[in-house]
Amino acid sequence: MNIKKLAGVVLVAGASVALMAGCGGGSSSSGGSSSSKNEIVFWNPFVGEDGDNMKAMIDAYNKTNPDFKVKNVSLKEGDMYTKIPTVVNSGKNIPDLNIVHAERIKQYKDNDMLETYDDVLADYPEIKADNYVPEAWNLGEIDGVRYSVPLDIHSWGIYYNKELVDKYLPTALDDNIITFDEVEEIGKKSEADGIRGMGITWAKPNLLSLYAQEGGKLTEDGTTPTLDNDAMKKAVQLYADLYKEKVTTRDGEDPAQLFLSGKMVLYPEGIWMRNQVKEAKFDWGLTNSPQLTDDLSKAVNWASSHQFVMFKNKDRSEEKTKGIMEFLEWVRTNSLEWAKAGQNPATLDLLDNSEYTDMEQSVFINSPEEQATLTIFDYKYNGYVAEYLDAHALDVTFGKMTVDDFTAGLQKEVADKVAKDNSGK
């Protein structure tokens with residue numbers, strides 16, 4: 001698929017509506033996209049509260065008086081991803097630097113839209129694998145070529161009400177893992193008191209995390225989906241069973257409101273919800289997503305990552321590229337402000353900062369063992385999977401659709417879209 005064709009369709013790999021909450025989601029705010037000689041035009045999808053944190057970071061960098069100051073252009077996520085192929089194809093108003101979600105990088109690379117970092121990294125020896133969370137760093141390299149540098153790795157876990165966990169299963173968090181068996185035990189006990197055990201929240205990270213724990217893969221060859229199988233059926237059936245047993249919230253209930261009001265024990269959500277959850281009037285914590293086993297080496301926590309990329313642009317000078325690298329090196333050692341947005345910066349530099357390590361979301365970064373649980377589902381056609389899960393996963397969870405129909409429909413819809421997408425290659 002060439003860039004011109006890509007401009008007429010929506011790029012499919014990336015975060016769905018729920019993930020937008022982790023990137024802002026409010027109205028856009030930008031100062032335009034035209035670039036002057038001594039500034040770096042930086043497009044990003046941070047238009048909510050996290051946009052304020054990013055703006056604060058950029059303001060701090062610009063006060064260091066760099067040769068190239070950064071011009072922040074925050075766009076609504078959907079608008080930004082629609083604009084990207086259009087401007088790259090036109091060759092005009094291409095941003096100097098861009099944040100994109102990790103799942104989009106393979107498709108941009110396959111459509112020959114990305115510059116590589118290989119020629120410039122030699123001058124910045126600290127921008128290297130040893131200084132970043134492995135899962136966030138590794139996906140930026142494809143076929144031995146580096147196409148991105150990570151800003152963060154945002155992941156999915158469980159917020160929990162400490163008082164209610166102590167009441168219904170005080171041993172559940174002894175190993176910092178809540179297993180599905182423990183979820184069931186908590187939910188059956190709490191249900192008698194009119195307290196929900198666990199919220200039914202965004203299906204994609206919940207199901208994909210469990211699917212991987214069951215040994216499932218989205219694809220074996222990088223293109224063809226592998227979704228109608230026992231692993232997916234087991235994952236979907238488990239959530240349907242928890243619902244049927246009244247362990248979870250009911251159809252139509254608001255898990256966020258129930259949790260914040262002290263009416264629910266476990267709240268599966270993204271780390272980016274920290275700033276909302278911290279308004280709760282009770283003691284709470286954050287731990288790994290529900291797991292099949294308490295063996296951390298087998299744990300899977302769904303994750304994604306915001307990555308810095310440079311789209312191909314004949315007008316980007318070597319001097320400006322150097323200015324971009326100076327900014328990325330500064331971000332590597334100055335990301336505390338991004339952590340305050342509820343994110344986990346990908347740089348390991350923050351592990352020496354007690355203000356960061358006291359933040360609840362740092363649990364996913366504070367040891368190599370925890371870092372190894374973070375899994376980015378960077379299947380090139382991840383977006384097609386997400387579209388189906390968002391449209392149908394709650395139906396099967398709530399018993400409105402059979403498991404077999406769900407998995408067969410998932411496989412067919414994704415395979416059909418992949419075939420259509422590849423038809424022009």
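Which polar atom lies 3.4 Å from the backbone oxygen of tryptophan 43? In this predicted model, the backbone oxygen of tryptophan 43 has as its partner a polar atom in the side chain of asparagine 98, at a distance of 3.4 Å. Asparagine 98 belongs to strand β4, and tryptophan 43 stands opposite this residue across the pairing of β2 with β4. With a relative accessibility of 0%, asparagine 98 counts as buried. Beyond residues up to four places away in sequence, asparagine 98 touches Phe42 and Trp43, Met80 and Ile84, the run Gln307, Phe308 and Val309, and also Phe311.

Strand β2, which spans residues 39–44, is largely enclosed by the rest of the structure, because 6 of its 6 residues are buried. In a regular strand, side chains alternate between the two faces of the sheet. Both faces of β2 are covered, with Glu39, Val41 and Trp43 buried on one side and Ile40, Phe42 and Asn44 buried on the other. Strand β2 runs parallel to strand β3 (residues 69–74), and the two are joined by 6 bridges. Within this pairing, isoleucine 40 is found opposite valine 70 of β3. Helix α3 (residues 49–62) forms a right-handed β-α-β unit together with β2 and β3. Strand β2 also pairs with strand β4 (residues 97–101), again in the parallel sense, over 2 bridges.

A second covered strand is β8, comprising residues 154–161, in which 8 of 8 residues are buried. Strand β8 pairs in the antiparallel sense with strand β10 (residues 264–270) over 5 bridges, and tryptophan 156 is placed opposite glycine 270 of β10. Strand β11 (residues 284–288) is likewise antiparallel to β8 and is joined to that strand by 5 bridges. The bridge partner of asparagine 161 in β11 is tryptophan 284. A further antiparallel pairing, of 2 bridges, connects β8 to strand β12 (residues 301–304); here histidine 154 has serine 304 as its bridge partner.

Aromatic side chains were examined next. A pair of aromatic rings is described by the distance of the centres and the angle of the planes. The count of aromatic pairs in the model comes to 21. One of these is formed by tyrosine 108 and phenylalanine 311, whose ring centres are 5.0 Å apart and whose planes meet at 85°, so the arrangement is edge-to-face. Tyrosine 108 is located in helix α5 (residues 105–110), whereas phenylalanine 311 is located in the loop between β13 (306–309) and α13 (318–332); the pair therefore ties together parts that are 203 residues apart in sequence. Both tyrosine 108 and phenylalanine 311 are buried. Phenylalanine 311 is also among the residues touched by asparagine 98.

Ring pairs also link five residues, Phe42, Tyr61, Phe308, Phe327 and Trp330, into a cluster. Of these, Phe42 is one of the buried residues of β2, and both Phe42 and Phe308 are in contact with asparagine 98.

Two arginine side chains are positioned over aromatic rings. Arginine 104 lies over the face of tyrosine 81, at a distance of 3.3 Å from the ring centre. Arginine 250 is placed over the face of tyrosine 243, at 3.8 Å from the centre of that ring.

How values were computed. Residues are numbered from 1 along each chain as its sequence is written. This is a predicted model: local features need pLDDT of at least 70, side-chain atom pairs count only at pLDDT 80 or more; totals for chains, interfaces and linings use all residues. Side-chain values use heavy atoms; hydrogens and water are left out. Rings of Phe, Tyr and Trp (its six-membered ring) pair if their centres lie within 6.5 Å; planes under 30 degrees apart count as stacked, over 60 as edge-to-face and the rest as tilted. Helices (H or I, at least four residues) and strands (E, at least two) are DSSP runs, numbered from the N terminus. Buried means under 20% relative accessible area, exposed over 50%, partly exposed in between (1.4 Å probe, protein chains only). A charge sits over a ring if NZ of Lys or CZ of Arg is within 6 Å of the ring centre and within 35 degrees of the ring normal. Two strands pair if DSSP finds at least two bridges between them. A crossover is right-handed if, with the strands pointing away from the viewer, the path from the first strand over the helix to the second runs clockwise. A polar contact is a pair of N or O atoms within 3.5 Å; within protein, one must be able to donate a hydrogen and the other to accept it, and residues adjacent in sequence count only if both atoms are side-chain atoms. Contact means heavy atoms within 4.5 Å.
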